[in-house]
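Work through the three exercises below with the sequence and the coordinates at hand. Each task is followed by a solution in steps.

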Amino acid sequence: MDKDIGYVQGMSDICSPMVILLESEADAFWCFERAMRRLRENFKCTTSSMGVQTQLSTLAQIVKTVDPKLHHHLVVCRKPIMSVEHKY
């Protein structure tokens with residue numbers, strides 16, 4: 001339905017509970033379509049990033065500011081909030 005986004009990995013994780021919980025496949029489709037209207041920015045890809053990467057980058061900055069010890073621990077354990085964490 002959204003030609004700018006198309007299909008992106010992870011959408012099925014949002015759709016599958018709807019298919020399981022709703023008896024009508026049509027109802028599941030329209031619930032998914034409505035959810036994707038709200039979540040589309042998470043799946044939007046540009047030449048430089050994917051939408052969810054932007055949110056993870058923001059989260060990384062928040063953790064670094066609010067809890068520097070946790071941020072440092074995640075970096076030391078090689079469990080950064082996002083793969084480009086080392087750029088901060």
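Rings of Phe, Tyr and Trp (its six-membered ring) pair if their centres lie within 6.5 Å; planes over 60 degrees apart count as edge-to-face. The model used here is predicted.

**Exercise 1.** Find how many aromatic pairs the whole structure holds, and classify what you find.

Solution. Step 1: a search of the whole structure gives 1 aromatic pair. Step 2: the ring centres of Phe-29 and Trp-30 lie 4.7 Å apart, with the planes at 80 degrees, so this pair is edge-to-face. Step 3: for accessibility, the range between 20% and 50% counts as partly exposed. Phe-29 has a relative accessibility of 34% and therefore counts as partly exposed. Trp-30, at 49%, is also partly exposed.

**Exercise 2.** Determine which residues make up the largest nonpolar core, and which helix gives the most to it.

Solution. Step 1: the core has 7 residues in all, namely Met-11, Met-18, Ala-28, Phe-32, Ala-35, Met-36 and Phe-43. Step 2: at least two residues of this core come from each of H1 and H2. Step 3: H2 gives the most, with 5 residues.

**Exercise 3.** Identify the residues that make a nonpolar surface patch of about 330 Å², then locate Leu-22 and assign its exposure class.

Solution. Step 1: the patch is made by Ile-20, Leu-21 and Leu-22. Step 2: Leu-22 sits in the loop between helix H1 (11-21) and helix H2 (25-43). Step 3: the relative accessibility of Leu-22 is 30%, so Leu-22 counts as partly exposed.

Technical notes. Residues numbered from 1 in each chain as written. Predicted model: local features only at pLDDT ≥ 70, side-chain atom pairs only at ≥ 80, totals over all residues. Heavy atoms only, no water. Patch = residues over 30% accessible without salt bridge, like charges linked within 9 Å, V, L, I, M, F, W, Y side chains within 5 Å. Areas by Shrake-Rupley, 256 points an atom, 1.4 Å probe, with all protein chains shown as cover. Salt bridge = Lys/Arg side-chain N within 4 Å of Asp/Glu carboxyl O. Helix = DSSP H or I, 4+ residues; strand = E, 2+ residues; numbered from the N terminus. Buried < 20%, exposed > 50% of the residue type's maximum accessible area, 1.4 Å probe, protein only. Phe/Tyr/Trp six-rings, centres within 6.5 Å; stacked < 30°, edge-to-face > 60°. Core = buried A, V, L, I, M, F, W, Y, C linked by side-chain atoms within 4.5 Å.
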